[in-house]
Amino acid sequence: MFQLYRSFAARLGRAFLPGRPPRHAQAMELANTVERLREQVDELRQAHVRMEFALRSAHASPWEYDHRSGELLLSGSWDAGRGQAPARSRTSFSALVDSLPPGDREQGRALLDAVLNGLRDECSLEQRIEAADASVRWVLWHGRVVERHPLTGRALRMIGISMDITDRKRAEQLADAEKSRTARSLELSRVLLTLAEQDVSPIGRFLQVATEAAAQALQVERAGIWLQEDGGKGLVCRDLYRASDASHEQGFTVDAQVHARYFAALAEGEPMSATDTVRDSGMGDLFPGGRAPRGAASTLDAPMRLGARLLGVIRLERAHGDEGWSEEDRQFAQTLARMVAHAVADSERNEAQRMGTALFYHSPAGTAFVGDQRVLLMCNERMEQMFGYAQGELKGQCDRVLYHSDEQWLSHADVFGAAAGSQEREAQMRVKSGESIWVLMRGRPIEAGPKGSSTLISYTDITVRKRAEQALEQLNHDLGKRALQRARALTQSEARFGVVIAEAPVGIAILRDECITEANPRLCSLLGYERVDLIGRPLAQFSHAQGRADDPAAPLPDRAAVETRYRHRSGRDVWAHVRVSVLPGRPGEKVHRVVVVEDITERRKADQQLREYASHVSALSGRLLAAQEEERRQLSRELHDEIGQVLTAVRMVLVPPRSDSGRPALGEPWYLARSVVDDAIVRVRTMSMNLRPPVLDDLGLLPAVRELCNRHRELARMAVDLETLGDLAQLPSDLVVTLYRVCQEALTNVSRHARASRVEVRLGVSEGQAVLIVRDNGVGFDPESAAAAGRLGIVGMRERVKARGGTLDVDSQPGRGTALMVLFRLAEPPGAYSSGSINPLRTA
Ligand SMILES: Nc1ncnc2c1ncn2[C@@H]1O[C@H](COP(=O)(O)OP(=O)(O)OP(=O)(O)O)[C@@H](O)[C@H]1O
Ligand SMILES: [Mg+2]
């Protein structure tokens with residue numbers, strides 16, 4: 001400032017030099033001049049004060065540059081601005097340039113060079129400096145050249161101010177940030193607007209456009225739209241756009257059950273993010289450990305909701321950086337999610353509408369929209385066909401044309417209109433040709449649209465069913481009549497049946513769950529009880545404790561006939577033949593059983609007597625046989641020992657008389673007598689043999705049987721093969737005689753009837769059994785018819801064997817030979833028996 005002042009005074013002094021006026025005038029002029037100068041000085045002082053005030057107010061401080069000294073002289077306020085104690089300080093332009101940030105130095109130096117070298121008169125430089133409190137501040141250097149070298153034009157002096165422009169700079173930065181944010185918001189809004197104008201159909205294409213737009217707007221690597229699966233099972237990725245290769249994928253799933261917490265967080269509706277450092281409870285569930293999915297540094301999930309309904313989620317994934325998601329990003333994602341949710345819902349609605357329209361027109365049931373005044377607004381093809389109208393012919397007509405009568409038409413008025421609920425009616429209607437049909441109508445009111453309210457009516461032709469119902473009704477009526485007749489007939493038949501049961505000569509009980517529900521008089525008398533005493537009690541209760549071989553209290557087997565014993569009320573036994581049958585009933589019904597009880601006590605008694613009689617007869621027959629045998633034995637002995645001896649003695653005294661020639665004379669009477677005596681001797685011997693061979697008593701069974709065989713071999717001229725086994729001598733004498741007699745009769749039968757060439761006789765004792773087998777290869781016979789023929793041979797054999805406790809089997813067929821087998825079980829198996837055995841099947 002003082003420099004300025006000095007130059008001004010110098011210029012003022014030069015104004016006095018040219019031309020010199022007179023002294024008084026000069027003095028006056030001088031006084032005026034001094035006065036003016038004083039005023040000017042005052043003005044200057046005031047201007048200086050104002051300037052200083054202005055500079056202070058503007059946080060500016062003046063500076064001055066002097067080329068000759070090369071110094072830049074800074075005022076004290078400069079230091080005060082930098083947070084230091086005010087002091088005048090000096091610096092240089094090159095130091096000032098060096099203090100600039102490296103990037104700005106080049107430009108700063110060029111600017112100063114231009115000013116100092118006369119290319120520019122003014123310059124402005126902004127410098128960032130560090131204040132004493134370490135805060136960063138901005139300073140503006142503004143200067144002007146006030147003196148230049150007249151020849152070189154180089155600046156000799158410059159003056160200027162330096163100002164702290166930190167606040168302005170910050171405001172500018174804020175404004176810049178605001179500007180860029182606004183620009184970004186605008187860009188995001190533009191993207192959303194563009195999307196809003198997009199056609200949502202087909203929805204797949206729309207989703208692709210949305211993911212691409214989202215990826216570009218937020219500069220993310222992946223953007224995906226995941227929609228809820230039907231039935232709420234989870235999410236399915238409908239489109240996943242990958243920015244690096246501009247590809248689209250789909251089909252990934254997220255299971256709602258596995259990630260229940262993630263789904264719960266989605267339901268809250270707020271966007272949520274997952275980065276390496278940020279953890280969200282829902283996202284943590286989806287990405288354990290809070291880490292974003294592979295290949296993504298951070299994700300942002302914005303739920304797509306429509307009211308309370310969660311439609312899906314939009315997921316944005318950044319590949320790099322971990323700066324997180326700004327508020328704009330979140331808002332954009334949320335708005336986009338809302339927009340896509342609406343689009344998806346619209347598309348669902350469109351689809352439903354499309355399907356509804358298709359359903360209406362192609363429905364197999366006749367369908368129509370009926371509007372005010374019951375005008376047919378729309379009719380489908382099926383309905384037109386059902387009523388016999390051409391396509392479009394019914395449209396616009398009143399539905400009165402469809403009805404059979406006015407009354408019916410009027411009675412259906414309540415089916416139509418918005419007030420009516422869902423209704424169902426059957427009506428007799430009329431087709432175009434006049435024929436009547438039965439129709440089932442179902443009405444459903446439709447919300448009022450631009451054309452007013454309407455009712456959706458479906459018409460189903462039920463003529464066939466109706467006619468069937470009518471026929472059925474008729475049938476029911478007829479059946480009812482017939483059932484009545486049948487019931488009457490049944491009552492009569494039941495009455496007859498009742499009489500039959502009441503009069504039946506056998507006891508009859510009807511059981512249900514084994515308890516008597518009905519009992520006829522015969523059963524009552526059979527058991528000795530009144531009917532009322534029997535009803536309700538189990539029949540088994542009246543069984544004798546030893547009535548049945550199995551459990552007497554067990555239910556009688558179905559459809560079986562058993563003999564059982566009941567106990568009469570008086571305590572006596574009643575033997576009964578019981579037959580059980582099951583009454584056929586309806587499925588699921590309890591079974592009724594009919595028990596027919598026949599009193600067989602008398603028959604059982606007769607049987608018992610018969611059995612006792614038979615055993616007596618058998619014992620008697622045994623005794624008779626034994627007596628007969630004894631008699632035969634004695635007779636045989638007497639014949640042999642007495643008569644035989646007498647005849648032998650007679651034979652010996654019948655010596656022929658000698659003739660003259662010394663030769664016996666033939667034809668003499670003593671010759672005749674001797675031949676008669678010889679014949680008698682043979683006959684007596686044979687008789688004795690047949691009655692009872694002495695050898696049997698003298699030598700035993702085997703020699704006797706062997707002799708028997710020899711005799712038959714000679715008599716019948718057939719091969720007789722005898723084979724024996726074991727020690728026959730051990731057999732008791734009664735068995736010996738029985739076996740001999742059976743063998744004798746069997747061989748006699750073979751000789752007499754078989755016409756056999758060979759017969760085998762097997763006789764033995766083995767393993768506690770005595771066995772006799774006689775087998776021939778003769779003509780055979782039918783044992784059944786032979787038994788009926790009244791012959792005694794086989795019958796006698798059987799009697800004998802039976803009397804000794806054995807069994808006899810005859811196995812024969814005509815043409816196949818005969819085998820007879822006798823078997824006795826011995827009381828104690830003799831230990832000395834042979835180890836061999838007799839095999840009845842062994843062939844001869
Ligand atoms: N081995 C046999 N081969 C063929 N037929 C036989 C044989 N044994 C018995 N029969 C037939 O069985 C019948 C009955 O025999 P059975 O011994 O009971 O009576 P029978 O020999 O005729 O007379 P008898 O009372 O004198 O014995 C015989 O008449 C004969 O026809
Ligand atoms: Mg015989």
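Two residues are in contact when heavy atoms of theirs lie within 4.5 Å. With that cut-off, 51% of the contacts in the protein between residues at least 6 apart in sequence join residues at least 24 apart. The model is a predicted one, and every value below is computed from it. The protein has 844 residues, of which buried ones make up 35%. Its secondary structure comprises 22 helices and 28 strands. The exposed surface comes to about 50200 Å², and carbon and sulfur atoms supply 53% of that area.

The ligands are a convenient place to start. Around ligand 1 there are 14 residues, and those that come nearest are Glu-745, Asn-749, His-753, Arg-791 and Ile-794. Sorted by class, the shell holds six nonpolar, four polar and four charged residues. Two helices, α20 (733-754) and α22 (793-803), each supply at least two residues of this shell. Of the elements that contribute, α20 gives the most, with six residues.

Polar contacts to ligand 1 involve both side chains and backbone. On the side-chain part, an N or O atom of Glu-745 is 3.1 Å from an oxygen atom of ligand 1. Arg-752 also takes part through its side chain, with a polar atom 3.2 Å from an oxygen atom of the ligand. Ile-794 takes part through its backbone instead, where an N or O atom lies 2.9 Å from a ligand oxygen. Taken on its own, ligand 1 has 580 Å² of accessible area, and the protein covers 80% of this.

Ligand 2 is a magnesium ion. Its protein donors are the OE atom of Glu-745 and the OD1 atom of Asn-749, at 2.1 to 2.2 Å from the ion. Both of these residues are also among those nearest to ligand 1. Because Glu-745 and Asn-749 are four residues apart in helix α20, about one helical turn separates them. How accessible are the two donor residues, Glu-745 and Asn-749? Glu-745 has 22% relative accessibility, so it counts as partly exposed. Asn-749 has a relative accessible area of 16%, and therefore it is buried. The cut-off that applies here is 20%, because a residue under that value is called buried.

A second region to inspect lies around helix α10, which spans residues 327-362 and contains Asn-350. Asn-350 is partly exposed, with a relative accessible area of 38%. In sequence Asn-350 is 149 residues from Ser-201, yet their C-alpha atoms are 8.6 Å apart in space. Phe-360 is located in α10 too. With 8% relative accessibility, Phe-360 counts as buried.

What does Phe-360 contact, apart from its neighbours within four places in sequence? The partners are Thr-367, Ala-368, Phe-369, Met-378, Cys-379, Asn-380 and Leu-456. One of them, Met-378, is 18 residues from Phe-360 in sequence, with a C-alpha to C-alpha distance of 9.5 Å.

Another of these partners, Thr-367, belongs to strand β14, residues 366-370. Thr-367 counts as buried, because its relative accessibility is 8%. Leaving out neighbours within four places in sequence, Thr-367 is in contact with Phe-360, Met-378, Cys-379, Asn-380, Met-383, Leu-456, Ile-457 and Ser-458. Met-378, Cys-379, Asn-380 and Leu-456 thus appear in the contact list of Thr-367 and in that of Phe-360.

The last topic is backbone geometry. Most residues other than glycine have a negative phi. Which value does phi take at Gln-219? Phi of Gln-219 is near 55°, which is positive although the residue is not glycine. Gln-219 sits in the loop that joins α7 (203-218) and β7 (222-228). Its relative accessibility of 67% makes Gln-219 an exposed residue.

Arg-717 has a positive phi as well, near 50°, and is likewise a residue other than glycine. The loop that holds Arg-717 runs between α19 (701-716) and β24 (719-725). Arg-717 is exposed, with a relative accessible area of 78%. For both Gln-219 and Arg-717, the term exposed applies because the relative accessible area is over 50%.

Notes
Residues are numbered from 1 along each chain as its sequence is written. Chains are lettered from A and ligands numbered from 1 in the order in which they are written. This is a predicted model: local features need pLDDT of at least 70, side-chain atom pairs count only at pLDDT 80 or more; totals for chains, interfaces and linings use all residues. Side-chain values use heavy atoms; hydrogens and water are left out. A residue is near a molecule or strand if one of its heavy atoms lies within 4 Å of it. A polar contact is a pair of N or O atoms within 3.5 Å; within protein, one must be able to donate a hydrogen and the other to accept it, and residues adjacent in sequence count only if both atoms are side-chain atoms. Accessible areas come from the Shrake-Rupley method with a 1.4 Å probe; for residues, only the protein chains shown count as cover. Ala, Val, Leu, Ile, Met, Phe, Trp, Tyr, Cys and Pro count as nonpolar, Asp, Glu, Lys and Arg as charged, and the others, Gly among them, as polar. Donors are N, O and S atoms within 2.8 Å of the metal (3.2 Å for Na, K and Ca); water is not among the atoms, so sites may look incomplete. Buried means under 20% relative accessible area, exposed over 50%, partly exposed in between (1.4 Å probe, protein chains only).
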